[in-house]
Amino acid sequence: MRLGALEAGGTKMVCAIGDETGKIYEQVSIPTQTPEITMPKLIAYFEERSVEALGVACFGPIELDRNSPDYGCITSTPKIAWRNYNIVKELADKLHCPIGFDTDVNGSVLGEVTFGQAKDKNCVIYLTIGTGVGGGIYIEGKLLHGMVHPEAGHVLIRKRSDDTYEGKCPYHKTCLEGLAAGPAIEERWGKKAALLADMAQVWDLEADYIAQALTGYILTLSPEMIILGGGVMHQEQLFPLIRQKVLQMLGGYVQAKELEDMEHYIVPASLHDDQGIMGCLELARRELVQ
Ligand code: ADP
Ligand code: ZN
């Protein structure tokens, strides 16, 4: 199969051509400007390379309900030029091929369960902690949509008493994104997160907030693996701190073999940052064979 993949992000659009085995033949990155400027470039890329189907993993929130007239729209995004823009309709009208569509983080979790370390698992969470925080959930063979789609980055967090930072989320202030995304770290400590690597208290607090969220996900969804990606997770010292705090927060209540091997339970992404684009290939394949 000759499949197209589009990882649509707020700052860049990654386009690739590949196949159902996850092999990527070629890949380009196009800056995200307005739909008027950016969409013709994306369409030209895929038109010139004629694909059988295209998989799109998109920044959100997005409309995933196939019965809605707005199916395929980017909905209430803060990126005004893309608000209520129907990216799927535009691509389908121009490319005349099946288009698979899901959230960016559902794309990443799909890449990991199809081609990566989470193969053969039935319930997996992928959380990205970068400019924002987002979570993709794969459950019983499907990407979880539910009412809209999960917004796991906005779960509410109990602020630690030694943290005076007010929180950055415009909706909730002290949700996970508001307390722990890259911009919150930078505002709280007055320096870019990457420059704070040596300050132990930064990462202890960060691990605390991430662990609170993961503990909630574990209790709610009982995932068999939790994968953490995004720019902030380049701070590898976070992993052992998060694992230890999750166990403390669970308090011994959940008994499972996975929790006895935390190094293989809470893990970094395994596909060299291609998990999103590889997930798009699988989204395309699923659309073609459904
Ligand atoms: P995006 O979320 O926009 O797709 P990233 O996942 O790269 O992009 O996240 C960018 C955020 O991650 C920024 O807020 C940046 O400060 C933070 N970041 C990038 N690299 C590092 C690093 N090495 N250590 C800590 N934080 C980082
Ligand atoms: Zn929020």
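# Strand 11, ligand 1 and an aromatic cluster

Author: In strand 11, M225, I227 and G229 point one way, while I226 and L228 point the other way, and all of these residues are buried. The model is a predicted one.

Reader: What makes strand 11 mostly covered?

Author: A residue counts as buried under 20% relative accessible area. Five of the five residues in strand 11 (residues 225-229) are buried, so the strand is called mostly covered.

Reader: Why would residues of one strand point in two directions?

Author: In a regular strand, side chains alternate between the two faces of the sheet. Strand 11 has M225, I227 and G229 pointing one way and I226 and L228 the other.

Reader: How do you know that strand 8 and strand 11 pair?

Author: Pairing takes at least two bridges between the strands. Strand 8 (residues 123-129) and strand 11 are joined by five bridges and run parallel, so they pair. I125 is the residue that stands opposite I226 in strand 11.

Reader: What makes strand 12 a partner of strand 11?

Author: Three bridges join strand 11 to strand 12 (residues 266-268), and the two run parallel. With at least two bridges needed, they therefore count as a pair. On this side, I226 has I266 as its bridge partner in strand 12.

Reader: Why is the pairing in the open sheet called mixed?

Author: The five strands are ordered 10-9-8-11-12. Strand 8 and strand 11 run parallel, whereas strand 9 (residues 133-139) and strand 10 are antiparallel, joined by two bridges. In that antiparallel pair, I139 has K142 as its bridge partner in strand 10.

Reader: Which strands stand at the edges of this sheet?

Author: In the order 10-9-8-11-12, strand 10 (142-143) and strand 12 stand at the edges. Each has a single partner strand, so one side of each is left without a neighbour in the sheet.

Reader: What makes T131, G231 and Q235 polar contacts of ligand 1?

Author: The limit is 3.5 Å between N or O atoms. A polar side-chain atom of T131 is 2.6 Å from an oxygen atom of the ligand. For G231, a backbone N or O atom lies 2.8 Å from a ligand oxygen atom. For Q235, a polar side-chain atom lies 2.8 Å from a nitrogen atom of ligand 1. Each distance is within 3.5 Å, so each pair counts as a polar contact. The protein covers 63% of the 570 Å² of accessible area that ligand 1 has on its own.

Reader: How many charged residues does the shell around ligand 1 have?

Author: The shell has no charged residues, four nonpolar ones and seven polar ones. Among the residues around the ligand are P183, A193, V232 and H234.

Reader: How many aromatic pairs are there, and what makes F59 and W82 an edge-to-face pair?

Author: The count is four aromatic pairs. The rings of F59 and W82 are 6.3 Å apart, centre to centre, with 80° between their planes. A pair needs centres within 6.5 Å, and planes over 60 degrees apart count as edge-to-face, so F59 and W82 meet both conditions. F59 lies in the loop between strand 4 (53-58) and strand 5 (73-74), and W82 in the loop between strand 5 and strand 6 (85-86), so the pair ties together parts that are 23 residues apart in sequence.

Reader: Which further ring pairs with W82?

Author: The ring of Y85 does, with its centre 5.4 Å from that of W82 and the planes at 85°, so this pair is also edge-to-face. F59, W82 and Y85 form one aromatic cluster.

Reader: Why are F59, W82 and Y85 called buried?

Author: The cut-off is under 20% relative accessible area. F59 has 8%, W82 has 1% and Y85 has 18%, so each counts as buried.

Reader: What makes P69 exposed?

Author: P69 has a relative accessible area of 78%, and exposed means over 50%. P69 is in the loop between strand 4 and strand 5.

Reader: What makes the G60 to P61 peptide bond cis?

Author: Omega is near 0° for this bond. Most peptide bonds are trans. P61 is found in the loop between strand 4 and strand 5.

Reader: Why do S50 and H96 get a remark on phi?

Author: Most residues other than glycine have a negative phi. S50 has a positive phi of about 20°, and H96 has a positive phi of about 50°. S50 counts as exposed at 52% relative accessibility, as does H96 at 69%.

Technical notes. Residues numbered from 1 in each chain as written. Chains lettered and ligands numbered in written order. Predicted model: local features only at pLDDT ≥ 70, side-chain atom pairs only at ≥ 80, totals over all residues. Heavy atoms only, no water. Phe/Tyr/Trp six-rings, centres within 6.5 Å; stacked < 30°, edge-to-face > 60°. Helix = DSSP H or I, 4+ residues; strand = E, 2+ residues; numbered from the N terminus. Buried < 20%, exposed > 50% of the residue type's maximum accessible area, 1.4 Å probe, protein only. Near = heavy atom within 4 Å. Polar contact = N/O pair within 3.5 Å; in protein donor to acceptor, adjacent residues only side chain to side chain. Areas by Shrake-Rupley, 256 points an atom, 1.4 Å probe, with all protein chains shown as cover. Nonpolar A, V, L, I, M, F, W, Y, C, P; charged D, E, K, R; others polar.
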